[in-house]
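The following explanation leads the reader through a structure, beginning with one helix and ending with the whole chain. Please keep the sequence and the three-dimensional view at hand.

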Amino acid sequence: MLANARARLHRLEPPEAARAVSAGALLVDIRPDWQRCTEGSIPGALLIERNHLEWRLDPTSDARIEQATGHDVPVVIFCSEGYTSSLAAASLQELGLHRATDLVGGFHAWRAAGLPTNR
């Protein structure tokens with residue numbers, strides 16, 4: 001399942017993800033609160049836990065966030081290590097968010113790359 005999901009994604013290494021965010025992509029942290037408290041967070045990332053993701057980012061949902069303005073919005077999902085995020089990004093693509101992808105290595109890789117974190 002993971003290999004199939006990743007085959008559809010153009011996954012981003014941390015520096016590529018940072019550039020995508022600078023260019024306007026939404027950076028979405030899907031980790032649960034306890035994990036963010038333990039590991040830290042990325043400044044400016046939207047916090048949408050995994051079990052809320054599809055209905056919060058689906059531009060046709062009544063419960064969407066204000067940034068979910070259409071199916072062309074670029075979205076970079078991340079979790080702790082980059083496994084759950086691949087499945088989540090593939091799920092968003094199934095909803096029609098064709099520019100959804102994920103961060104290779106997740107939060108741990110972002111931090112190891114020396115990119116900004118809170119903590």
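**A helix and its surroundings**

In helix α5, the buried residues are Ser85, Ser86, Ala88, Ala89, Ala90, Ser91, Leu92 and Gln93. The model in which they are seen is a predicted one. Because eight of the 11 residues of α5 are buried, this helix is largely enclosed by the rest of the structure. The elements against which its buried residues pack are two helices, α1 (2–7) and α4 (53–57), and two strands, β3 (75–78) and β4 (100–102).

One of these buried residues, Gln93, merits individual attention. Gln93 belongs to α5, which covers residues 84–94. Is Gln93 buried or exposed? Its relative accessibility is 19%, and since buried means under 20%, Gln93 counts as buried. Leaving aside residues up to four places away in sequence, Gln93 touches Arg8, Leu9, His98 and Ala100. With Ala100 there is also a polar link: the side chain of Gln93 reaches the backbone oxygen of Ala100 at 2.9 Å. After α5 comes Gly96, which has a positive phi, near 105°.

A further detail concerns rings. How many aromatic pairs does a search of the whole structure find? The search finds zero. A ring does, however, take part in an arrangement with a charge: the charged end of Arg31 sits over the ring of Phe107, at 4.5 Å from the centre of that ring.

The view may now be widened to the whole protein. Its secondary structure consists of six helices and four strands. Read from the N terminus, these elements follow the order α-α-β-α-β-α-β-α-β-α. Of the contacts between residues at least 6 apart in sequence, 66% join residues at least 24 apart.

The overall dimensions come next. Along its principal axes, the C-alpha trace spans about 35 × 30 × 25 Å. What radius of gyration would a compact globule with 119 residues have? The expected value is near 14 Å, and the protein has 13 Å, so the protein agrees with the value for a compact globule.

Burial and surface complete the picture. Among the 119 residues of the protein, 47% are buried. The accessible surface comes to about 6100 Å², and carbon and sulfur atoms account for 52% of this surface.

Methods
Residues numbered from 1 in each chain as written. Predicted model: local features only at pLDDT ≥ 70, side-chain atom pairs only at ≥ 80, totals over all residues. Heavy atoms only, no water. Buried < 20%, exposed > 50% of the residue type's maximum accessible area, 1.4 Å probe, protein only. Polar contact = N/O pair within 3.5 Å; in protein donor to acceptor, adjacent residues only side chain to side chain. Contact = heavy atoms within 4.5 Å. Phe/Tyr/Trp six-rings, centres within 6.5 Å; stacked < 30°, edge-to-face > 60°. Lys NZ or Arg CZ within 6 Å of the ring centre and 35° of its normal. Rg over C-alpha atoms; globule rule 2.2 N^0.38 Å. Areas by Shrake-Rupley, 256 points an atom, 1.4 Å probe, with all protein chains shown as cover.
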